Amino acid sequence: MPFNISTCARPNILALEPYRCARDDYKDNGTNILLDANENAYGPGLDLSADGKLINGESESNDSKITIDLLGLNRYPDPHQHELKQLLCDLRNTHVHTQKSITPENLFVGVGSDEAIDALLRAFCAPGVDKIITCPPTYGMYAVSAQVNDVGIVKVPLDASNDFAAQPDKINAKLSEDSKIKMVYLCSPGNPTASLVRKEDVRSILEHPTWNGVVVLDEAYIDFAPEGSSLAEWVAEWPNLVVMQTLSKAFGLAGIRLGAAFASPEIAGLLNNMKAPYNIPNPTSQLAIQALQPRNLEVMYRHREQIISQRDRLLKEMPLIPGVGRFLGGQASNFLLVEMVEKGTGKASNEVALQVYERLAETRGVVVRFRGKEPGCLGCLRVTVGTEKEVTRFLEEMRDVLDEVFAGKISKLSKGVEEEREREASGVVA
Ligand SMILES: Cc1ncc(COP(=O)(O)O)c(C=O)c1O
């Protein structure tokens with residue numbers, strides 16, 4: 001048979017670094033505390049009854065009315081999603097960063113922001129020729145999508161000695177050197193750093209005097225940052241800026257898969273022209289439209305307040321546990337990046353972090369992320385902020401597990417095994 005997958009499939013796809021999603025490692029078995037994927041532990045930003053039913057417009061105001069038209073599911077959904085786009089614009093037209101307003105013409109909506117990450121690569125980068133800049137430590141999908149599209153990656157790390165700030169001078173120097181770089185992916189607040197990218201740093205890349213390319217700002221966690229932080233409306237001022245957002249985090253709607261890219265009408269037009277025509281399922285857009293109604297936004301804001309107060313509690317109580325070191329990066333998100341340290345020396349340690357990570361998941365049912373292999377993140381775990389109950393249990397289990405690790409109750413790993421386990425624990429995208 002002449003067919004040979006290893007010569008027939010594209011080499012970049014064959015060589016694709018396999019990755020696992022957070023949920024591939026430790027499943028939701030109903031008792032685990034899942035603090036690994038930066039989801040919203042407080043639930044969907046929808047006004048639901050105690051038993052999880054949609055409140056179907058029974059109140060005076062019908063702005064929470066959810067009418068998923070099951071009888072209409074034989075028809076393809078609306079390819080343009082004008083109403084949903086208008087609501088997203090209404091939310092982001094804060095006029096903090098510009099007096100101009102954005103309109104549905106400035107928007108692309110996709111299956112999570114992961115679709116936008118990929119669509120931008122396909123729109124601007126020729127496979128095997130062009131490149132993007134990423135700034136590690138950062139979200140893993142930029143690199144995975146780049147590799148799928150056979151697009152090279154130039155890394156300009158965040159400044160670990162300065163709260164993981166972006167390094168616009170170094171980025172601009174690379175852009176001057178290499179005309180094949182078409183995009184710069186920045187994450188604000190960063191995953192896993194929780195630091196906001198400074199507006200003047202974004203501006204300084206946007207103003208590069210010779211570079212013909214696009215700055216992509218991923219604002220997946222922006223609603224956990226101080227009011228007015230989003231630069232989405234700024235796309236009205238900059239033809240070379242794209243801002244991505246998602247309903248997966250603050251809105252607690254990771255399950256509906258709805259992401260958005262704000263851009264100039266020209267860029268949004270390109271993305272809309274190339275997308276699969278019916279990319280947003282009808283139930284998804286109906287739920288998203290409802291999530292953006294005032295009554296449901298109130299639920300989202302309430303959950304956000306609860307998350308911020310549990311984040312403050314973690315910031316206060318975690319440092320009291322022996323073995324917990326510094327918090328690295330910022331605090332503008334629904335997770336924290338925290339060091340595990342050696343007893344005695346107080347030095348950040350991947351050995352301790354890995355043992356805590358594995359032990360928490362395997363014996364205590366508490367799942368966090370090991371990030372110790374990322375640049376500047378030695379000894380770090382990334383911990384999603386959970387509910388009050390989850391945080392209480394997390395703090396208890398963390399204290400016990402660190403006690404066990406320091407009491408030497410856990411057998412020491414050989415160097416080779418430790419490295420293999422660190423590699424496995426790192427190969428997760430979320
Ligand atoms: C920085 C960042 N961007 C994008 C995403 C993906 O978002 P979505 O669920 O909209 O695809 C994530 C998910 O964890 C993320 O951390």
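Of the 14 residues around the ligand in this predicted model, those that come nearest are Gly112, Asp114, Ala220, Thr246 and Ser248. Helix H5 contributes the largest share of this shell, with 3 residues. Sorted by class, the shell around the ligand holds 7 polar, 5 nonpolar and 2 charged residues.

Helix H5, which spans residues 112-124, also packs with another helix. Its axis and that of helix H9 (residues 265-274) come within 10 Å and cross at roughly 100 degrees. Angles of 65 to 115 degrees count as roughly perpendicular, and H5 and H9 are therefore roughly perpendicular to each other. On the H5 side of this contact are Ala119, Arg122 and Ala123, and they meet Leu270, Leu271 and Met274 in H9. The residues of this contact divide into 5 nonpolar and 1 charged, with no polar residue.

Stepping back to the whole chain, the protein is divided into two domains: domain 1 takes in 10-39 together with 298-426, and domain 2 covers 75-292. Their C-alpha centres lie 27 Å apart. Across the boundary, 27 residues of domain 1 are in contact with 28 residues of domain 2. Three elements each supply at least two residues of the side of domain 1 that touches domain 2, namely helix H2 (11-14), helix H11 (294-317) and strand E10 (335-340). H11 gives the most to that side, with 4 residues. The class breakdown for the side of domain 1 that touches domain 2 is 11 nonpolar, 9 polar and 7 charged residues.

The loop between strand E5 (181-187) and helix H8 (199-206) repays a careful look, and Ser195 is found there. Is Ser195 buried or exposed? With 25 C-beta neighbours inside 10 Å, where 20 or more are required, Ser195 counts as buried. Leaving aside residues up to four places away in sequence, Ser195 touches Asp163, Phe164, Ala165, Pro189, Gly190, Gly329, Gly330 and Ala332. By contrast, the C-alpha atoms of Ser195 and Ile68 are separated by 38 Å, with their positions 127 residues apart along the chain. The loop between E5 and H8 also holds Pro192, and the peptide bond from Asn191 to Pro192 is cis, with omega near 15 degrees.

A further cis peptide bond runs from Pro136 to Pro137, with omega near 0 degrees. Pro137 is found in the loop between strand E3 (131-134) and helix H6 (141-148).

Backbone phi angles bring Asp163 back into view. Phi of Asp163 is near 55 degrees, a positive value in a residue other than glycine. Asp163 lies in the loop between strand E4 (152-155) and H7, and is one of the residues touched by Ser195. With 15 C-beta neighbours inside 10 Å, Asp163 counts as partly exposed. Gln81, likewise not a glycine, has a positive phi near 55 degrees. This residue is found in the loop between strand E1 (33-34) and helix H4 (82-92). Gln81 has 24 C-beta neighbours inside 10 Å and so counts as buried.

Two helical residues complete the picture. Ile171 is found in helix H7 (residues 168-177), and with 23 C-beta neighbours inside 10 Å it counts as buried. Which residues does Ile171 touch, not counting those up to four places away in sequence? The contacts of Ile171 are Ile133, Val156, Val184 and Ile205. The C-alpha atoms of Ile171 and Pro157 are separated by 9.3 Å, the two residues being 14 residues apart along the chain.

Leu287, in turn, is found in helix H10 (residues 282-291). Leu287 is buried, with 23 other C-beta atoms within 10 Å. Between the C-alpha atoms of Leu287 and Trp234 the separation is 27 Å, for residues that stand 53 residues apart along the chain.

Terms used. Residues are numbered from 1 along each chain as its sequence is written. This is a predicted model: local features need pLDDT of at least 70, side-chain atom pairs count only at pLDDT 80 or more; totals for chains, interfaces and linings use all residues. Domain bounds come from an automatic or database domain assignment. Two residues are in contact if their C-beta atoms, placed from the backbone, lie within 7 Å. Ala, Val, Leu, Ile, Met, Phe, Trp, Tyr, Cys and Pro count as nonpolar, Asp, Glu, Lys and Arg as charged, and the others, Gly among them, as polar. Axes are lines fitted to C-alpha atoms, for helices over the stretch in contact, and angles run from 0 to 180 degrees between N-to-C directions. Angles under 35 degrees count as roughly parallel, over 145 as roughly antiparallel, 65 to 115 as roughly perpendicular and the rest as oblique. A residue is near a molecule or strand if its C-beta atom, placed from the backbone, lies within 6 Å of it. A residue is buried if 20 or more other C-beta atoms lie within 10 Å of its own, exposed if 12 or fewer, and partly exposed in between; C-beta atoms are placed from the backbone.
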